[in-house]
Amino acid sequence: MKAGDGIIAVHRPAAKQAAAKSESVMRNLLFAIVISLVVGACASAGSRLTDDQRLEIHRAHAGAPVRSFQNFGTLYSWTALGDSALTVWTRRHQAYLLELDGRCPDLDFSHTIGFSAQGGTVFAGMDSVVVLDRQNTSFPCRIREIRPVDTKAVENAERRARERSVH
């Protein structure tokens, strides 16, 4: 072969320099990724509200106690607020804060709840939230008080509280 035949000769020192440079770039990239994951994890952990904070917000934006609410078998959503209170949404913007007589086992871990109510009306003092655990064992927890919730005010207050906890 003659010089100029289109073959590029790479000397070993240049190849080692290129490999070292590539290794350095990869190390810096990996470091940047790890730092961004740690910072992101800290930010998201700081923005999560505790059950006590959320319960305080829901109580602050709940109206006067009512005797009952209508539930015809399907809830729009629900959220446990610790082990003795929860908010249930019967529609997207219609919710009720339910304060229970005492601690309700597995309420804050359950994926499924129901009500002891018959005929679609849930009454404070008479009916219970029924919590189903993983083995489909039910725990009835008596409803002490029902209060309608201003859902938009709760959403705004929770958002503001999360923003404050990040900064």
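Select Ala 95 in β4 and Val 149 in β8: the two residues stand opposite each other. Strands here are DSSP runs (E, at least two residues), helices are DSSP runs too (H or I, at least four residues), and both are numbered from the N terminus. Colour β4 (94-100) and β8 (138-149), and you will find six bridges joining these two antiparallel strands. Two strands are taken as paired if DSSP finds at least two bridges between them.

A word on what is on your screen: this is a predicted model, in which local features need pLDDT of at least 70 and side-chain atom pairs count only at pLDDT 80 or more, while totals for chains, interfaces and linings use all residues. Residues are numbered from 1 along each chain as its sequence is written, and side-chain values use heavy atoms, leaving out hydrogens and water.

**Stop 1: the sheet**

Now zoom out to the sheet around β4. Six strands make up an open sheet, ordered β2-β3-β4-β8-β7-β5, with antiparallel pairing. At the edges stand β2 (77-80) and β5 (112-115); each has a single partner strand, so one side of each is left without a neighbour in the sheet. Looking along the sheet, you can follow a twist that averages 35° from one strand to the next (axes are lines fitted to C-alpha atoms, for helices over the stretch in contact, and angles run from 0 to 180 degrees between N-to-C directions).

For orientation, the chain has three helices and eight strands. Read from the N terminus, its elements run α-α-β-β-β-β-β-β-β-β-α.

**Stop 2: from β4 to β3**

Return to β4, where six of seven residues are buried (under 20% relative accessible area; exposed is over 50% and partly exposed lies in between, with a 1.4 Å probe and protein chains only). Step across to β3, which pairs with β4 in the antiparallel sense over six bridges. The hairpin between β3 and β4 has two residues in its connection. Pick out two cross-strand pairs: Trp 89 stands opposite Ala 95 of β4, and Leu 86 stands opposite Leu 98 of β4.

How many residues of β3 are buried? Six of the seven are, so β3 is largely enclosed by the rest of the structure.

**Stop 3: out to the edge at β2**

Next, select β2 together with β3. Four bridges join these antiparallel strands. Leu 86 of β3 faces Ala 80 as its opposite residue, and Thr 87 of β3 is the bridge partner of Thr 79. Follow the hairpin between β2 and β3, with its four residues between the strands, and stop at Gly 82, which takes a positive phi near 100°.

**Stop 4: Thr 87**

Centre the view on Thr 87, which lies in β3 (residues 85-91). Is Thr 87 buried or exposed? With 0% relative accessibility, Thr 87 counts as buried. Show its surroundings: beyond neighbours within four places in sequence, Thr 87 is in contact with residues including Trp 78, Leu 81, Tyr 96 and Val 149 (contact means heavy atoms within 4.5 Å).

Which side chain makes a polar contact with the side chain of Thr 87? That of His 58 does, at 2.7 Å. A polar contact is a pair of N or O atoms within 3.5 Å; within protein, one must be able to donate a hydrogen and the other to accept it, and residues adjacent in sequence count only if both atoms are side-chain atoms.

**Stop 5: helix α2 above the strands**

Now select helix α2 (residues 51-60), which lies across β2, β3, β4 and β8 and runs at about 115° to β4. Arg 59 lies in this helix, and at 38% relative accessibility it counts as partly exposed. Draw a distance from Arg 59 to Leu 97: they are 38 residues apart in sequence and 7.5 Å apart in space, C-alpha to C-alpha. Not counting residues up to four places away in sequence, Arg 59 touches Leu 97, Glu 99 and Arg 147. Between the side chains of Arg 59 and Glu 99 there is a polar contact of 2.8 Å.

**Stop 6: α2 meets α3**

Finally, add helix α3 (residues 151-166), which packs with α2 at an angle of about 145°, the axes being 9 Å apart. Show Arg 54, Ile 57 and His 58 of α2 with Val 154, Ala 157, Glu 158 and Ala 161 of α3 to see the residues that make this contact.
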